[in-house]
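Student: Could you take me closely through one part of this model, the metal site, and then show me how the surroundings are put together? I would like one connected account rather than a list.

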Amino acid sequence: MSTTSYSNAEIAPLASLDDWEDDLLKRYPDPDSIAQAKAKEEFRNYDQPGRDTVTEFYRLNHKYQTYDFVMEKEREFLKFDKKEMPVWDAFQFLNTLVDDSDPDIELDQLQHLLQTSEAIRADGHPDWFVLTGLLHDMGKVLCLFGEPQWAVVGDTFPVGCKHSDKIVYPEFFDANPDSKDERYNTQYGVYEPNCGLRNVHMSWGHDEYLYQMVKDYLPESALYMIRYHSFYAQHREQAYNHLMDAHDHEYFKWVKLFNPYDLYSKAPTPPNWKELRPYYEDLAAKYLPTTLKF
Ligand SMILES: [Fe+2]
Ligand SMILES: [Fe+2]
């Protein structure tokens, strides 16, 4: 693994991976005022995640996520030769990603996944959509392979072309060598106008990793939700229409539909995993192979 060149402070600027999501919630608050009150209630229980740790997280993300870095990570991880696990072991594995900083020990990674999937199920969506909710952050296991936080979570964006000023903290891209590289700093960079996102490399993280892991098993709508759920510069800000084609626009309806379930489904009562497990085991068995390759 190539993380040796980063200091510990650079590998883990955040006390908790969830600090990025808490910050998203501040940037994109729930329009539903009741849920907003609920979210406030919940925030009160946390040490206010230092604004500056999130800022530092983005500084590192924007500095190091270059076109070459993404190519290197794709080569390293898309071989899927790190580990092979039954689906349920993978959830247990993900749950070993615990933060000392989190005062609520019940609120582990699986809880966020279950709250997302249960909110989708409660709205009567198709079962593959529910499964997408359950799986969508599975790619965060990258952290357990020693990857820096800024190469696992964070808003994603296209690499190989100009960074949009609609991306959070755009000024931090000044430190990214690609912003001074003529191959990569024009509007289209290495891409053609409206070439379609399937031809575009995104900054490396849990979204692309999981998409590549499950792309043969789920409907395309589900795959768009998984692959682009952190691409806020597009699904919230429409900053990359010039790279999208008609097919992308069609399928981004699903990405937009998914986003509120991801951001606003934190419930005060955690779902009962024991009770829910049989339903989800059947659901996973319907779509996924017995083991997943990481
Ligand atoms: Fe995510
Ligand atoms: Fe999520």
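Tutor: Happily; what follows starts at the metal site and then moves outward through the helices and loops.

Please keep in mind that this is a predicted model. Which residues coordinate the iron ion (ligand 1)? The donors are D137 through OD, H206 through NE2 and H229 through NE2, at 2.0 to 2.1 Å. Along the sequence, the donor residues of the iron ion (ligand 1) follow the spacing D-x68-H-x22-H. D137 also has a second role, as it coordinates both the iron ion (ligand 1) and the iron ion (ligand 2), which are 3.6 Å apart.

The two histidines link distant parts of the chain: H206 is in helix α9 (residues 206–214), whereas H229, 23 residues apart from it, is in the loop between α10 (220–228) and α11 (232–235). Are these histidines buried or exposed? H206 has a relative accessible area of 0%, so it counts as buried. H229 is buried too, because its relative accessible area is 3%, and the cut-off is under 20%.

Now to the helices that come with these histidines. How do α9 and α10 lie relative to each other? Their axes come within 7 Å and cross at roughly 150°. Angles over 145 degrees count as roughly antiparallel, and α9 and α10 are therefore roughly antiparallel to each other. On the α9 side, the contact is made by D207, E208, L210, Y211, Q212 and V214. On the α10 side, L223, I226, R227 and Y228 take part. By type, the residues of this contact between α9 and α10 divide into six nonpolar, one polar and three charged. A general point helps in reading such lists: an α-helix has 3.6 residues a turn, so residues three or four places apart point the same way.

Another helix pair makes a useful companion. Helix α8 (residues 127–135) packs on helix α13 (residues 273–287) at an angle of about 105°, with the axes 10 Å apart. That angle makes α8 roughly perpendicular to α13. From α8, the residues D127, W128, V130, L131 and L134 meet Y279, Y280, L283, A284, K286 and Y287 of α13. The contact of α8 with α13 has nine nonpolar residues, no polar ones and two charged ones.

Next come the loops. D245 sits in the loop between α11 and α12 (246–264). With a relative accessible area of 16%, D245 is buried. Its side chain makes a polar contact with the side chain of R198 at 2.6 Å. The D245 side chain also reaches the backbone nitrogen of H247, at 3.2 Å. Leaving aside residues up to four places away in sequence, D245 touches N194, C195, G196 and R198.

K79 gives a contrasting case, in the loop between α5 (67–77) and β1 (84–86). K79 counts as exposed, because its relative accessibility is 53% and the cut-off is over 50%. K79 and K293 are 214 residues apart in sequence, yet 9.1 Å apart in space from C-alpha to C-alpha.

Finally, consider helix α2 (residues 18–27). How many of its ten residues are buried? Eight are, so this helix is mostly covered. The buried residues of α2 are D18, D19, W20, E21, D22, D23, L24 and L25.

Technical notes:
Residues numbered from 1 in each chain as written. Chains lettered and ligands numbered in written order. Predicted model: local features only at pLDDT ≥ 70, side-chain atom pairs only at ≥ 80, totals over all residues. Heavy atoms only, no water. Axes fitted to C-alpha atoms, helices over the stretch in contact; angles between N-to-C directions. Helix = DSSP H or I, 4+ residues; strand = E, 2+ residues; numbered from the N terminus. Parallel < 35°, antiparallel > 145°, perpendicular 65-115°, else oblique. Contact = heavy atoms within 4.5 Å. Nonpolar A, V, L, I, M, F, W, Y, C, P; charged D, E, K, R; others polar. Donors = N, O, S within 2.8 Å, 3.2 Å for Na, K, Ca; no water. Buried < 20%, exposed > 50% of the residue type's maximum accessible area, 1.4 Å probe, protein only. Polar contact = N/O pair within 3.5 Å; in protein donor to acceptor, adjacent residues only side chain to side chain.
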